[in-house]
Every structure is written in structure tokens, then in C-alpha cells.
Amino acid sequence: MQGLYFTGIAASSGIAIGKAQVNRPRLDDVIVRKGVDVKEERERFQRAVQAALQDLIQITDEAKNKLGASEAQIFEAHQLMLQDPAFVESVLQAIQSEKVNAEAALQKVTKSLVEVFEAMDNDYIGGRAADIEDISHRVMTHLLEKGADRASQDVDGPAIVFAQDLAPSDTVQMDAEHVLAFVTEVGGKTSHTAIISRTIGIPAVVGLKGILEHVREGMTVIVDGVDGKVILQPTDEELLIYREKKELWVARQNEWRDLIDKPSMTEDGVKVSLGANISTPDDMENVLANGAEGVGLFRTEFLFMNRREAPSEEEQFAAYQKVAALLQGKPVIIRTLDIGGDKQVPYLGLPAEANPFLGYRAIRIGLDHTDLLATQLRAIVRASHFGNVKIMYPMIATLEEIKQANQILERVKEQLQKENVPFDSSLEVGIMVEIPSAALSARVLAKEVDFFSIGSNDLIQYTMACDRMNEKIAYLYQPYHPAVLRLIKGVIDAAHAEGKWVGLCGEMAGDPVAVPLLIGMGLDEFSMSPASILSIRAMLRRLSSVAMKRLVEEALELADQAQVKRLVESQVSK
């Protein structure tokens, strides 16, 4: 006899053992009342919106104090959504035209919007349905005079929370002392809730459809956020196994802390650089706390999102300068604006596209909106005076795009010289290699730049013709496929032949199966989530670069990803 096993998506690492608390749907369907006083209902709705907005302002402040400004942007976005005239007017119009109570109108509009988002064949955009439901629920609680409920306050002592879904505003208010872990039926690794769970350090497994039918209040549960497993009613033997696994996990975390100030090198003395990916300057606390040797990717688009207009040159300069100064001479690679695809900026008025990941995005927008790119480049170049700053262009497909971007950069430098603004005249310029055409032209492109950074996430999806957000074809997203590995090795070899260095800033950089292969290929720099740095540094110290070169030679002769993974796991201890 054994416990009931479920396997989902490991959203946040860690292991928890405790009693289940089941959060059922929070509000029943509202009662529809017709023939109401339209004016009164419209006023009720508007008062509820203002009350909900005050809730969100308070939650935003709480999130800034608890998580930092980067994660608080989620709730700033919720404030903007709640003030969106299109949303508010839709509800007011429904009250007016159908002469129904505000609750019924809000429910109808919300369901309609959620259905539209969920019908989109894109996990990121579909995930915004949860945001709509969250702000709608907040307004509804005020209409029903129930008060804004908080999932974390409902937890009776240390417990593992189960829910169909958890809104970001629920997650941010969770206290790690009361919530041991959480499990949801929906969600993915890139959802806002998953991101927040990793930030506050609560183990989480998401995407477990149907688990609410099996779990009961007070039931003993194991949550394995490392392997994405949940065990209901485990046996004594299973509890013993996971208590030992939890102790090992904690001990390993403490062991990794000893490596914060150690260099990143292989067993045979080959040094590499382990950098961090960040979205805003507020992420730097985790970067420094985990011993990063620089920032390998500063995703500047997050400075442009969840707002009504583009950030000014001064605002951008302040952000870039702060990161450069905090790093105290360690490098920061600042990527120019990479919007489009799953990252939209409404105020730019970008057109809707049938294939946004293959469309008008990243450097293509920058070369079209040269004022936007030039303003950003001015801010980056000015920041170079305060640290080791490098510039990187995203989504490069052709040599001509590099030349056009560099022409704009040179004009910016000339302007700053005339204005007597100091900057590093020798700052390096590189490109993201994430399109097969760039990978196959790497030898030519390397002559025009100082470095490459391989964007493995996009390179994989373009090589395999696989939308990485589409769960129906998730099996095709294969980072260890020999075709992908050959492209990556070809890029590294081409760059080294021209005396240039190569980094990688996609998910592969922190993947324990990919890292040995990348070491064997001669990758110079790895950039990853700050939380992954110490575990990868520990792994590097057990690897021989010579043995990994032989491993790569063998892997490139294999037929598929499964064979490559088995090969690596058989030769490399975890």
C-alpha cells in the first residue's frame, strides 16, 4: 500500500510535509436581479472599484516591502487594469442595457473576458485570465460587502494550501511560517504566482488537474517542489524517505552557501563566469546574495511594461547606473528593448499578429522606432561611465541589422562627446544568437561584434519549430536534441575562431543536464536565475573539462534527446 501520487510542474523548489488546507472557490455565483435602479447600481459599482483600488495600493506597498519593486509590478499592473476605461465601461454598459444589478453585470463581463484570454493558444497570454479574475473578485467582495479575503489569513497554522488557482495577490500575502507549500490545479512555471512563490521561498507544484477531487482537509501531504510530485496520505515509509530527502535538501543548500565567494571553475581548473538574469535593479539583492560574477542579461523591457508611456532617458539611466554601480566592476550586459511575442507594450500601438514570435519584435522594432532605440542607447552608454557595462542587441537575424544598430550607437556616442558627457569609449557590443540564421552565420557575425550570448529558449523553439508556450507540443521543446547541440557548438567554435567570447542566457544555463555539455563545448559564460548559481557552481567543481569534451563528441553522434540525456546522466553525478 502506498500514498496517492500526482505529478505536476515544479514551480518552486523545496520539500514540505504537513496537513492539507483546501481552498474551494471563494464566491458562489451571484444572484441576478433585474429591473434595478440603474443609477444606484452604477454608483455601487464605481464605489466598489475605488475600494478595490485602495486594496491594491495597499497590497502593492506590501509587495514592495516583502518582495521588492520588481514583483510589485504585478499589482501595479492590476491597478492599471482596474482603471482601464474599457473594463469599467463594459460593466457600466451592461448594467445600463440589461438593467441588472452590478454583481451580475460584473460577473458577465468577467466571464466574457476570461473566455477570450483562455481561448488564446498561448500560455502566457492565457495566464492573464487569472489577473482578470483576481481584480474582478476584489471588486465583487466589496459589492457583496464580504471584504477582501486573504488566502494567507485563512491558513490555520502551518499547512499546505491546495486550490484550483491562487491569484498573485493571494500569494504575495502568504507567510512562509504559516504556508508550508501550495499546490494548484492550474498554472505554469512562468505564471506570476509561480514567480512569486520562488521569490518568497515557498515550495510549489502547479498544473495538477483534478487533485481537488482527491485531497481532503487535514489530510497528511508531501509536496516535492524539486521533482514536481505531490503524495496524498503517504505511508510511514514514504514519510521517512521524504523527511530524509528534506534534510538532504537543507544540508545541500547550506553547503552551497559556502561557495558564494568562490570562483566558478571545473575540477581541472578551467574558469567560467556565472552571471545572473535580472529584470529590474531591485533583483540585485538576490544577485549579490548568491555570489553572481556579473549580470549576464538585464531584460530592460520590464522597465517599459505595465505603464502608460515609455520611460525617459533619465529614468533608464538611473536604473542602468544603479546596477553597474552595485556590481563594482563586475560586468552587466544590458539587452536593448525586446518586446513583442509574449511581451506587449500597449502604448506603442503594435499591430496584432498571427505569428508574434516570428513577427515585429525586438531589434526589428528598435530599427523602425530609431528614436526609441537611440534614447535607450544614450542611457546605457552614459551608465557605462559607472561600471563594466556591455550592450547587447536581441533577435538578430542578419549582418545588416547589426550594422544598422551600430550606426545608431555611433551617432549616440558622437552626440554625447559633443555634450561632454563621460562614458566608456571601449564598451563592448554583442548580440543574442537565438535565430538559426544567426547561428549558421556566426563566423561572419563574429567579425562585427565583441561577444555572443546564446538565447537558448528561442533558439530551441525556432530550431524545432515549436512554440514553447504551447503545451500541446511541449514534447518538441528539446534542449538536448543533437540538432540544437550542434548549432550551439557551432556558434561557440565560430566565435572562438575570431577571438570572441560566448555566453548563454537561456534556461539551459542553469540546467544540470545541459551544463556538462556546455562546459565540454567551451562556453565561457553562463547566465541564469540567481537562485541557480550556487548549485551550478557546486556542480562545475565536480566536472572535468577534458572529460566533458569527450562527452560532447559522443553526444553529437546520438540520434535523439532521450539518448543524450541518458548519456549525460550515466556519466555525470548529480
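## Strands side by side

Let's start with one pair: strand β7 (residues 220-224) lines up antiparallel with β8 through 4 bridges. Strands here are DSSP runs of E of at least two residues, and helices (H or I) of at least four, both numbered from the N terminus. Two strands count as paired if DSSP finds at least two bridges between them. Within this pair, V221 sits opposite L232 of β8. The two strands make a hairpin with 4 residues between them, and G228 in that turn has a positive phi of about 75°.

A quick word on where this comes from: the model is predicted, so local features need pLDDT of at least 70 and side-chain atom pairs pLDDT 80 or more, while totals for chains, interfaces and linings use all residues. Residues are numbered from 1 along each chain as its sequence is written, and side-chain values use heavy atoms, leaving out hydrogens and water.

Now zoom out. What order do the 8 strands of the open sheet follow? The order is β1-β8-β7-β3-β4-β5-β6-β2, with mixed pairing. At the edges sit β1 (4-7) and β2 (9-12), each pairing on one side only. From one strand to the next, the twist averages 30° (axes are lines fitted to C-alpha atoms, for helices over the stretch in contact, with angles from 0 to 180 degrees between N-to-C directions).

Here is how those edge strands are joined, both in the antiparallel sense:

| Edge strand | Neighbour | Bridges | One bridge pair |
|---|---|---|---|
| β1 | β8 (residues 229-232) | 4 bridges | Y5 and I231 |
| β2 | β6 (residues 204-206) | 3 bridges | I9 and V206 |
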